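Here is a quick tour of one chain, going from the overall layout down to a few individual residues. Keep the viewer open while you read.

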Amino acid sequence: MSGEDSRASRAERKRAYKEAEVPMGIYAIRCHANGKLFVHHALNLTAMFNRLRFEFAQRMHRVPELQADWERYGEAAFSFEVLDKLPPREEPGGPPPLEELKVLEEMWLERLKPYGDAGYNAPPGP
């Protein structure tokens, strides 16, 4: 393979990566030791799961109670679950559909009610 072929191949892989649809949706972190859930949205589910593991390892998760339970029970007591995905967009690129994700998240919060003894999410305001 010549240098030019290699560059063309790299350019094609880079273009395909940029055009690939990232999985957006709603996820849950489930603690099997106590049955609690944390529900949230992500513009990139795969990246979010990697980020969460890093945050827990660095003791940086934004929900102190969830971080404390992670340390108490260990990673093996938790699962990361995709609850819902947004369908791929008709047109690639453009702004992320953040409002759609927030509406979808609200639906899951209403369905699962992960508040108080049932979860780590803050209850909705009055």
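## The chain as a whole

Of the 126 residues in this chain, 34% count as buried. Keep in mind that we're looking at a predicted model. The accessible surface adds up to about 8300 Å², and carbon and sulfur atoms own 54% of that.

On the secondary-structure side, the chain has 4 helices and 3 strands. Walk along the sequence and you get the pattern α-β-β-α-α-β-α. As for contacts, take those with a separation of 6 or more: 59% of them link residues 24 or more positions apart.

## The sheet

What order do the 3 strands take in the sheet? They line up as E2-E1-E3, in an open sheet with antiparallel pairing. The edges are strand E2 (37-42) and strand E3 (78-85), each of which pairs on one side only. On average, neighbouring strands in this sheet are turned by 25° against each other, direction ignored. As a reminder, strands of a sheet pair through backbone hydrogen bonds, either parallel or antiparallel.

Now zoom in on one pairing. Strand E1 (residues 25-31) and E2 run antiparallel over 6 bridges. Two places to check the register: Ala28 sits opposite Val39 in E2, and Ile29 sits opposite Phe38 in E2. E1 and E2 make a hairpin with 5 residues between them, and Gly35 in that turn has a positive phi of about 80°.

## An edge strand under cover

Is E2 largely enclosed or open? It is largely enclosed by the rest of the structure, because 6 of the 6 residues of E2 are buried. Both faces are covered: one side carries Leu37, Val39 and His41, the other Phe38, His40 and Ala42, and all of these are buried. So burial here takes in both faces of a strand that pairs on one side only.

Helix H4 is worth finding at this point. It lies across E1, E2 and E3, and runs at about 165° to E2.

## Asp69, an acid on the inside

Next, helix H3 (residues 64-73), where you'll find Asp69. This residue counts as buried because its relative accessibility is 4%, and the cut-off for buried is under 20%.

What does the Asp69 side chain pair up with? A polar contact of 2.7 Å joins it to the side chain of Tyr120. Leaving out residues up to four places away in sequence, Asp69 touches Asn34, Lys36, Gly74, Phe78 and Tyr120. Phe78 falls within strand E3 (78-85), so one of the residues Asp69 touches belongs to an edge strand of the sheet.

## Two backbone oddities

Most residues other than glycine have a negative phi. Which residues have a positive phi although they are not glycine? Arg59 is one, with a positive phi of about 60°, and Lys113 is another, at about 45°.

Arg59 sits in the loop between helix H2 (45-57) and H3. With 62% relative accessibility, Arg59 counts as exposed. Lys113 is in the segment after helix H4 (98-112). At 42% relative accessibility, Lys113 counts as partly exposed.

Technical notes: Residues are numbered from 1 along each chain as its sequence is written. This is a predicted model: local features need pLDDT of at least 70, side-chain atom pairs count only at pLDDT 80 or more; totals for chains, interfaces and linings use all residues. Side-chain values use heavy atoms; hydrogens and water are left out. Buried means under 20% relative accessible area, exposed over 50%, partly exposed in between (1.4 Å probe, protein chains only). A polar contact is a pair of N or O atoms within 3.5 Å; within protein, one must be able to donate a hydrogen and the other to accept it, and residues adjacent in sequence count only if both atoms are side-chain atoms. Contact means heavy atoms within 4.5 Å. Accessible areas come from the Shrake-Rupley method with a 1.4 Å probe; for residues, only the protein chains shown count as cover. Two strands pair if DSSP finds at least two bridges between them. Axes are lines fitted to C-alpha atoms, for helices over the stretch in contact, and angles run from 0 to 180 degrees between N-to-C directions.
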